[in-house]
Amino acid sequence: MASEDGGKWKNVALLVIDMQKDFISGPMQVKGGQAIVPNVIKAVEVARNCGIHIVWVVRENDPLGRDVELFRRHIYCAGKTKVASKGSLGAELVDGLVMEEHDYKLVKTRSSAFLNTHLHSYLQTNSITDLVITGKWNSLISF
């Protein structure tokens, strides 16, 4: 994590949320998801250049659906596509996004990165006080 400005951004983290193939171009495709990919790639590039922590929030579920919310278990029934199953092609980041050695991968088995994950611990350990958030969630917000 190189920074040219003496650590000005050391307390900032970029959360990149759910930029996985199943959510951008797969069975759980979010409307407008593909359109944001170039901007997410640029945000990651800028963050890297500034020395900002990058946290990849990804959903990875057990291929048998044993850790999936009850209301989504039907997706994991025999013969159906297993969405964001650990190790599957659909759980991979979309083309153009690459997790690097100093990045942090936050795995979640539910919809939220903020509930029952290790995010709080990571942020505290690294003295993160500010977040920049990008990714699939942008397409879900409506006012």
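The following is a conversation between a trainee and a mentor about a predicted model.

Trainee: What makes Leu 64 count as exposed?

Mentor: Leu 64 has a relative accessibility of 58%, and the word exposed is kept for values over 50%, so Leu 64 counts as exposed. The residue lies in the loop between S2 and strand S3 (104-108), and its C-alpha atom is separated by 8.0 Å from that of Lys 82, although the two are 18 residues apart along the chain.

Trainee: Which residues have the most contacts inside the largest nonpolar core?

Mentor: They are Val 16, Met 19, Val 40, Val 44, Trp 56 and Leu 97, in a core of 17 residues. Two or more residues each are given to this core by strand S1 (12-17), helix H2 (33-50) and strand S2 (53-59), and H2 supplies the largest share, 5 residues. In general terms, nonpolar side chains in soluble globular proteins tend to be buried together.

Trainee: Which residues is Val 44 in contact with, leaving aside its neighbours within four places in sequence?

Mentor: Val 44 is in contact with Leu 14, Val 16, Ile 54, Trp 56 and Leu 97, where contact calls for heavy atoms within 4.5 Å. A second, separate core has 11 residues, including Ala 13, Leu 106, Leu 119 and Tyr 122.

Trainee: Why is Tyr 122 called buried?

Mentor: The relative accessible area of Tyr 122 is 10%, and buried means under 20%, so Tyr 122 is buried. For Tyr 104 the relative accessibility is 24%, which falls between the limits of 20% and 50%, so Tyr 104 counts as partly exposed.

Trainee: How do you know that Tyr 104 and Tyr 122 form a stacked pair?

Mentor: A search of the whole structure finds 1 aromatic pair. In it, Tyr 104 and Tyr 122 are 4.3 Å apart centre to centre, with 15° between the planes; pairing requires centres within 6.5 Å, and stacking requires planes under 30 degrees apart, so both conditions are met. Because Tyr 104 lies in strand S3 and Tyr 122 in helix H3 (residues 119-125), the pair ties together parts that are 18 residues apart in sequence.

Trainee: What makes Lys 21 and Glu 92 a salt bridge?

Mentor: Their closest N and O atoms are 3.3 Å apart, and the rule asks for a side-chain nitrogen of Lys or Arg within 4 Å of a carboxyl oxygen of Asp or Glu, so the pair qualifies. This salt bridge links distant parts of the chain, with Lys 21 in helix H1 (residues 21-24) and Glu 92 in the loop between S2 and S3, 71 residues apart. At 18% relative accessibility Lys 21 counts as buried, whereas Glu 92, at 39%, counts as partly exposed.

Trainee: Where does Asp 95 lie, and which parts does its pair with Lys 21 tie together?

Mentor: Asp 95 lies in the loop between S2 and S3 and Lys 21 in helix H1, so their pair ties together parts that are 74 residues apart in sequence. The closest N and O atoms of this salt bridge are 3.6 Å apart, which is again within 4 Å. Asp 95 is exposed, with a relative accessible area of 63%.

Trainee: Why are Lys 42 and Glu 45 said to be separated by about one helical turn?

Mentor: They are 3 residues apart in helix H2, and therefore about one helical turn separates them. Lys 42 and Glu 45 also form a salt bridge, with the closest N and O atoms 3.4 Å apart. Lys 42, at 45% relative accessible area, is partly exposed, and Glu 45, at 40%, is partly exposed. Salt bridges with shared partners join Lys 21, Glu 92 and Asp 95 into one network, and the count of salt bridges comes to 7.

Trainee: What makes S3 and strand S4 (130-135) stand at the edges of the sheet?

Mentor: The open sheet has 4 strands in the order S3-S2-S1-S4, with parallel pairing. S3 and S4 each have a single partner strand, so one side of each is left without a neighbour in the sheet. On average, and with direction ignored, neighbouring strands are turned by 25° against each other.

Trainee: How do you know that S1 and S2 pair?

Mentor: S1 and S2 are joined over 5 bridges in the parallel sense, and pairing needs at least two bridges, so the requirement is met. Val 16 stands opposite Trp 56 in S2, and both residues are among those with the most contacts inside the largest nonpolar core.

How values were computed. Residues numbered from 1 in each chain as written. Predicted model: local features only at pLDDT ≥ 70, side-chain atom pairs only at ≥ 80, totals over all residues. Heavy atoms only, no water. Core = buried A, V, L, I, M, F, W, Y, C linked by side-chain atoms within 4.5 Å. Buried < 20%, exposed > 50% of the residue type's maximum accessible area, 1.4 Å probe, protein only. Phe/Tyr/Trp six-rings, centres within 6.5 Å; stacked < 30°, edge-to-face > 60°. Axes fitted to C-alpha atoms, helices over the stretch in contact; angles between N-to-C directions.
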